[in-house]
Amino acid sequence: MIGKVERYLLARIQEEKAIFIPLIDPEEVTAKSASFLAEEGEKAGASAIMVGGSTVVSSKILDNIVKAIKESINIPVILFPNNITGVSKYADAIWFMSLLNSADPYFIIGAQVLAAPLIKKFSIEPIPLGYLILGEGGAAAVVGKAHPIPYNKPGLVVAHALAAQFLGMRFIYLEGGSGVSEPVPSDIVRMVKSTVNLPLLVGGGIRTKKQAKEIVRAGADIIVASTVLEDENPEAVGIKTREILEGIKEGASHRYMFISDEKEEKD
Ligand code: 1GP
């Protein structure tokens with residue numbers, strides 16, 4: 001049941017403790033700049049490239065971008081769809097995600113039903129993921145009709161993540177919203193990690209090495225970042241990618257240990 005890309009991600013997480021997946025928003029790039037971003041990511045040590053955004057993009061544009069990325073890198077390309085238009089036959093895998101705190105069943109199960117036959121037809125590997133939008137939530141919250149869980153209600157985040165685990169989802173994504181001022185607080189990451197036994201993705205508003213380090217230290221297995229890598233200056237893209245990766249590495253080597261519900265600090 002577990003496919004090649006998922007096995008690969010789990011192996012890299014086991015090996016490196018935490019990994020980086022740059023996210024490319026098809027609305028913000030051309031095929032050329034997307035390839036460049038992906039190449040820089042791969043060179044710096046990113047484990048995969050995600051492609052997706054909150055607003056609608058034509059399937060043709062998405063296909064061109066995914067195809068161009070695929071041709072320039074060897075690491076997997078994973079779709080991060082906001083809707084059924086987020087599917088491209090050129091990708092290796094797709095986060096088969098349910099927006100668990102949406103008020104609209106379309107984003108919990110409707111879009112997934114419509115997209116499933118196409119994903120099967122294109123042989124794209126689906127990776128089941130529980131998606132939760134917190135804090136400001138950004139465009140993802142508006143488009144997905146979510147009730148973002150406030151940062152001061154960590155118990156609610158844990159309850160949602162636990163429900164995702166019990167439903168059989170294999171990854172959890174804590175989303176703060178693209179470009180938001182405050183990424184998901186490390187306290188929330190720590191609480192989820194000490195209760196839920198699933199690999200944890202955290203994204204939204206992560207711009208600095210320090211933020212990446214703190215979030216990984218608190219237990220994130222995968223850091224996702226997009227806005228910080230959208231820079232006109234090609235040199236800046238490489239520098240930022242490496243900075244985030246350094247933060248991830250430092251955070252992973254100074255991780256809290258999670259023993260049942262108690263945590264100890266390890267050095
Ligand atoms: C959005 O979590 C991602 O879905 C990335 O957010 O653009 O703020 O890095 P940023």
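Q: What makes the Met191 backbone oxygen and the Ser194 side chain a polar contact?
A: This is a predicted model, so the answer rests on computed distances. The Met191 backbone oxygen lies 3.1 Å from a polar side-chain atom of Ser194. The cut-off for a polar contact is within 3.5 Å. The pair therefore qualifies as a polar contact.

Q: Why is Ser194 called buried rather than exposed?
A: The relative accessibility of Ser194 is 16%. Buried means under 20%, so Ser194 counts as buried.

Q: Where is Ser194, and how far is Ser194 from Ala34?
A: Ser194 is found in helix H7, residues 186-195. From Ser194 to Ala34 it is 160 residues in sequence and 36 Å in space, C-alpha to C-alpha.

Q: Why is Ser98 called buried?
A: Ser98 has a relative accessible area of 7%. That falls under the 20% limit, so the label is buried. Ser98 sits in strand E4, residues 93-99.

Q: What makes the Ser98 side chain and the backbone oxygen of Ile108 a polar contact?
A: The distance is 2.7 Å. The limit is 3.5 Å, so the pair is within reach.

Q: Which residues does Ser98 touch, not counting residues up to four places away in sequence?
A: Ser98 touches Phe107, Ile108, Gln112, Leu129, Gly130, Tyr131 and Met169. Ile108 is also the residue whose backbone oxygen the Ser98 side chain reaches.

Q: How do you know which residues surround the ligand?
A: A residue is listed if one of its heavy atoms lies within 4 Å of the ligand. The list includes Leu23, Phe80, Glu175 and Ser178. Gly203, Gly204 and Gly205 are also among them, as are Ala225 and Ser226.

Q: What makes Tyr173, Gly179 and Thr227 polar partners of the ligand?
A: Each offers a polar atom to an oxygen atom of the ligand. For Tyr173, a side-chain atom is 2.8 Å away. For Gly179, a backbone atom is 2.7 Å away. For Thr227, a side-chain atom is 2.4 Å away. A polar contact needs a pair within 3.5 Å, so these three qualify.

Q: How much of the ligand's accessible area does the protein cover?
A: On its own, the ligand has 310 Å² of accessible area. The protein covers 96% of that.

Q: Which pocket does the ligand take up?
A: The ligand takes the space of the largest pocket.

Q: Why is Ile215 called buried?
A: Ile215 has a relative accessibility of 3%. The limit for buried is under 20%, so Ile215 meets it. Ile215 belongs to helix H8.

Q: Which residues of helix H8 are buried?
A: Helix H8 spans residues 209-217, and its buried residues are Ala212, Ile215, Val216 and Arg217. An α-helix has 3.6 residues a turn, so residues three or four places apart point the same way. Just after H8, Gly219 has a positive phi of about 130°.

Q: Which residues does Ile215 touch, not counting residues up to four places away in sequence?
A: Ile215 touches Pro183, Val184, Val189, Val202, Ile206, Ala220 and Ile223. Gly203, one of the residues surrounding the ligand, is 12 residues from Ile215 in sequence and 9.6 Å away, C-alpha to C-alpha.

Q: Why is Leu114 called exposed rather than buried?
A: Leu114 has a relative accessible area of 52%. Exposed means over 50%, so Leu114 passes. Leu114 lies in helix H4, residues 105-121. Leu114 touches Ile84 and Tyr106, leaving aside residues up to four places away in sequence.

Q: Why is Asn64 called partly exposed?
A: Asn64 has a relative accessible area of 45%. Partly exposed runs between the 20% and 50% limits, so Asn64 fits. Asn64 lies in helix H3, residues 59-72. Asn64 and Gln165 are 35 Å apart, C-alpha to C-alpha, with their places 101 residues apart in sequence.

Q: What makes the phi of Lys17 and of Lys145 worth a look?
A: Both have a positive phi, yet neither is a glycine. Phi of Lys17 is about 70°, and phi of Lys145 is near 50°. Lys17 lies in the loop between helix H1 and strand E1. Lys145 lies in the loop between helix H5 and helix H6.

Q: Why are Lys17 and Lys145 called partly exposed?
A: Lys17 has 35% relative accessibility, and Lys145 has 46%. Both values lie between 20% and 50%, so both count as partly exposed.

How values were computed: Residues numbered from 1 in each chain as written. Predicted model: local features only at pLDDT ≥ 70, side-chain atom pairs only at ≥ 80, totals over all residues. Heavy atoms only, no water. Helix = DSSP H or I, 4+ residues; strand = E, 2+ residues; numbered from the N terminus. Buried < 20%, exposed > 50% of the residue type's maximum accessible area, 1.4 Å probe, protein only. Polar contact = N/O pair within 3.5 Å; in protein donor to acceptor, adjacent residues only side chain to side chain. Contact = heavy atoms within 4.5 Å. Areas by Shrake-Rupley, 256 points an atom, 1.4 Å probe, with all protein chains shown as cover. 1 Å grid on protein atoms, 1.4 Å probe; cavity = no way out; pocket = protein on both sides within 12 Å on 5 of 7 lines; lining within 4 Å. Sits in = over half its atoms within 2 Å of the grid points.
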